[in-house]
Amino acid sequence: MKSCYRLITKGNNISSSVSLTRKIWMASIHERLKMHLWRIAFNLLPTKDQFSEFSPSSNTNCPLCNVEAEATLHLFTQCHIAKAIWVGSQGNLRIDRWQVQSPAHLIELFIDPPSSIQLDKEQRDEFLLFG
């Protein structure tokens, strides 16, 4: 049973997954947004790279830039269109400076912003909503 569980979770750190899930569900935002954050964090969005596992011959290029494969992390942090949207937003956020390693890391950064972004409790909730 334990080996099956490890295989399913692919050796992910379960305690950090539980912690992130708890943080998402405890956030002061709408339930639909919590679900969307959870899907992003655990790479459950229906992206082209996910579909390519079932249909290998399908086009996986990002519909925004048509340069790289459409993946969750690419859509939110690496695509030059996404970067332009972040910079042009009200927060003027340079997401490319955050060194995001995974979709879960991206969501964690919005839930617990870096210390360089000093925010009180209300501002943290607004920052999460903005993200």
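The sulfur of Cys62 lies 3.8 Å from the closest cysteine sulfur, which belongs to Cys65, and that is too far for a bond. This is a predicted model, so the distances here are computed from its atoms. Cys79 tells a similar story: its closest cysteine sulfur is also in Cys65, at 3.8 Å, again too far for a bond. A disulfide needs the two sulfur atoms within 2.5 Å. Across the whole structure, the search finds 0 disulfides.

Here are the two cysteines side by side.

| Cysteine | Closest cysteine sulfur | Relative accessible area |
|---|---|---|
| Cys62 | Cys65, 3.8 Å | 1%, buried |
| Cys79 | Cys65, 3.8 Å | 1%, buried |

Now for a pair of helices. Helix 7, residues 103-111, packs against helix 8, residues 121-130, at an angle of about 145°, and their axes are 8 Å apart. On the helix 7 side, Leu109, Phe110 and Ile111 make the contact, while helix 8 brings Arg124, Phe127 and Leu128. By class, this contact has 5 nonpolar residues, 1 charged and no polar.

Both helices turn up again around the second largest pocket, which holds about 280 Å³ of space. Helix 7 and helix 8 each give two or more residues to its lining, as do helix 3 (31-41), helix 5 (72-78) and helix 6 (80-88). Helix 3 has the largest share, with 4 residues. The lining counts 17 residues, and those closest to the pocket's centre are His36, Ile40, Phe76, Trp86 and Gly131. What classes make up this lining? It has 14 nonpolar residues, 3 polar and no charged ones.

Key:
Residues numbered from 1 in each chain as written. Predicted model: local features only at pLDDT ≥ 70, side-chain atom pairs only at ≥ 80, totals over all residues. Heavy atoms only, no water. Buried < 20%, exposed > 50% of the residue type's maximum accessible area, 1.4 Å probe, protein only. Axes fitted to C-alpha atoms, helices over the stretch in contact; angles between N-to-C directions. Contact = heavy atoms within 4.5 Å. Nonpolar A, V, L, I, M, F, W, Y, C, P; charged D, E, K, R; others polar. 1 Å grid on protein atoms, 1.4 Å probe; cavity = no way out; pocket = protein on both sides within 12 Å on 5 of 7 lines; lining within 4 Å. Points joined across faces, edges and corners; volume = space filled by probe spheres on them.
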